[in-house]
Amino acid sequence: MSSLQMRVVAAVVRLAYKPRMATAERGRARVEQPKGPSAPPAGLRKRHTVSTRRVGGSDCHTVAPRDRRATRAAVYLHGGAYISEISPQHWSLVSKLADAGVRVEVPSYGLAPRYTYRDAYPFVTAVYRDLVAEFGAAEVTVAGDSAGGGLALGLARTLAGAGLPQPRRLVLIAPWLDLTMGNPGIPAVEARDPWLSRAGLHAAAAAWAGGDDPTDPRLSPLNGPLVGLAPMDVYVGTRDICLPDSLLLRDRAAAEGAELRLVVCEGAVHVYPLVPAPEGRAAAREIVATVAGRTERPTGADPAR
């Protein structure tokens with residue numbers, strides 16, 4: 001059974017967030033809404049060394065430990081259905097990583113409908129290239145949640161074509177793996193998900209695809225091969241619309257001989273490692289330890305092989 005705090009979070013997001021994307025009309029309205037700020041918050045700047053630079057015309061924020069030299073690094077790609085800006089919950093996890101001695105690059109990729117995946121890939125690839133040149137791929141993790149988790153997996157698959165090595169690890173938090181959301185297991189989980197609905201997400205997916213085929217592996221990385229990719233850790237809850245595709249990703253990894261560990265949290269909501277509940281805090285500690293190099297195997301994992 002999930003914790004009381006997780007059940008409270010589920011109730012709050014059902015009331016406050018589920019209606020926002022519950023229909024196609026509301027989804028399209030959300031896509032068209034003005035975007036909010038993406039700059040690091042003042043509290044983060046007080047705690048860590050924070051800077052912003054332009055990479056190919058877009059902002060990339062660097063969050064580094066203030067009191068020591070970072071020996072590990074990460075690229076963090078935030079979620080938000082490709083239409084919403086980075087949130088305080090994302091910055092909180094970034095701050096925890098910096099506390100553990102990790103330098104984190106946070107690309108502020110352009111959001112739909114003004115921008116599409118065609119703009120995002122060159123940008124995040126350039127950020128990754130710069131980080132690998134400084135730290136070496138063996139010290140770099142690529143992480144992301146929800147839409148950012150899908151983008152992280154898509155990025156990993158395109159690295160060879162860009163002449164770049166795989167990162168040390170991929171950490172995918174409730175990744176959005178298939179923009180079509182055609183998995184027959186999704187409707188049953190959607191009924192339990194207090195947060196997300198396919199109707200609204202389809203509008204966001206169409207905007208991000210920009211008229212291109214949404215089954216393209218750069219948009220729906222579940223459709224591409226997994227052989228040769230970095231080892232993956234995937235975190236997902238049982239009340240998360242992303243669960244069925246995460247299970248399918250595990251099965252495909254096992255069939256292809258790719259290394260993937262799946263952590264499924266009973267009763268947890270979407271992107272639960274970002275949630276202020278015992279399950280979320282435990283998962284966040286695990287993720288930080290993995291990225292910082294303190295452990296090589298998350299506890300409670302369901303290995304694909």
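In which sense do strand 2 and strand 4 pair, and over how many bridges? In this predicted model, the two strands run antiparallel to each other and pair over 4 bridges. One pairing that can be picked out by eye is Val 63, whose bridge partner in strand 4 is Val 104. Strand 2 itself covers residues 58–64 and is mostly covered, with 5 of its 7 residues buried.

Strand 2 also has a partner in strand 1 (residues 49–55), and here 7 bridges join the antiparallel pair. Across this pairing, Arg 53 stands opposite Cys 60. Strands 1 and 2 make up a hairpin with 2 residues between them, and Gly 56, in the turn, has a positive phi of about 60°.

From strand 4 the sheet can be followed on to strand 3. Strand 4 (residues 102–107) and strand 3 pair in the parallel sense, again through 4 bridges, and Arg 72 has Val 102 as its bridge partner. Helix 4 (residues 88–99) belongs to the connection: strand 3, this helix and strand 4 make a right-handed β-α-β unit. Strand 3 has a further parallel partner in strand 5 (residues 140–145), with 5 bridges between them. In that pairing, Val 75 stands opposite Val 142.

How many of the 6 residues of strand 3 are buried? The count is 6 of 6 for residues 72–77, so the strand is largely enclosed by the rest of the structure. Burial holds on both faces: Arg 72, Ala 74 and Tyr 76 are buried on one side, and Ala 73, Val 75 and Leu 77 on the other.

Next come the nonpolar cores. In soluble globular proteins, nonpolar side chains tend to be buried together. The largest core here has 68 residues, and Tyr 128, Trp 176, Trp 208 and Leu 249 are the ones with the most contacts inside it. Helix 5 (residues 117–135) supplies the largest share of this core, at 11 residues. Take Leu 249: sequence neighbours within four places aside, its contacts are Leu 153, Leu 172, Leu 177, Leu 222, Leu 226, Val 234 and Leu 260. A second core is separate from this one and has 39 residues, including Val 13, Ala 174, Ala 284 and Ile 287.

Aromatic rings deserve their own look, and a search of the whole structure turns up 6 pairs. In one of them, Tyr 17 and Trp 195 have ring centres 5.9 Å apart and planes at 35°, so the pair is tilted. Tyr 17 sits in the loop between helix 1 and helix 2, while Trp 195 sits in the loop between helix 7 and helix 8, so the pair ties together parts 178 residues apart in sequence. Tyr 17 is partly exposed, at a relative accessible area of 34%, and Trp 195 is partly exposed too, at 24%. Elsewhere, ring pairs link Tyr 82, Tyr 109, Trp 176 and Trp 208 into a cluster. Trp 176 and Trp 208 have already come up among the residues with the most contacts inside the largest core.

Helix 10 (residues 278–292) has 15 residues, and its first and last C-alpha atoms are 21 Å apart, close to the 21 Å expected at 1.5 Å a residue. Of its 15 residues, 11 are buried, so the helix is largely enclosed by the rest of the structure. Among the buried residues are Glu 279, Glu 286, Ala 284 and Ile 287, and the last two are also members of the second core. Just after the helix, Gly 293 takes a positive phi of about 85°.

Where does the start of the chain lie relative to Ala 277? The C-alpha atoms of Ser 2 and Ala 277 are separated by 9.4 Å, although the two are 275 residues apart along the chain. For Ser 3 and Ala 277, at 274 residues apart, the C-alpha separation is 7.3 Å. Ala 277 lies in the loop between strand 8 and helix 10 and counts as buried, at 0% relative accessibility. Beyond its neighbours within four places in sequence, Ala 277 is in contact with Ser 3, Gln 5 and Met 6. Ser 2, in the segment before helix 1, is buried as well, with a relative accessible area of 12%. With neighbours within four places again set aside, the contacts of Ser 2 are Arg 7, Glu 266, Gly 267 and Glu 279. Glu 279 is one of the buried residues of helix 10.

Conventions. Residues are numbered from 1 along each chain as its sequence is written. This is a predicted model: local features need pLDDT of at least 70, side-chain atom pairs count only at pLDDT 80 or more; totals for chains, interfaces and linings use all residues. Side-chain values use heavy atoms; hydrogens and water are left out. A nonpolar core is a set of buried Ala, Val, Leu, Ile, Met, Phe, Trp, Tyr and Cys residues joined through side-chain atoms within 4.5 Å. Buried means under 20% relative accessible area, exposed over 50%, partly exposed in between (1.4 Å probe, protein chains only). Contact means heavy atoms within 4.5 Å. Two strands pair if DSSP finds at least two bridges between them. A crossover is right-handed if, with the strands pointing away from the viewer, the path from the first strand over the helix to the second runs clockwise. Rings of Phe, Tyr and Trp (its six-membered ring) pair if their centres lie within 6.5 Å; planes under 30 degrees apart count as stacked, over 60 as edge-to-face and the rest as tilted. The expected span of a helix is 1.5 Å times one less than its number of residues.
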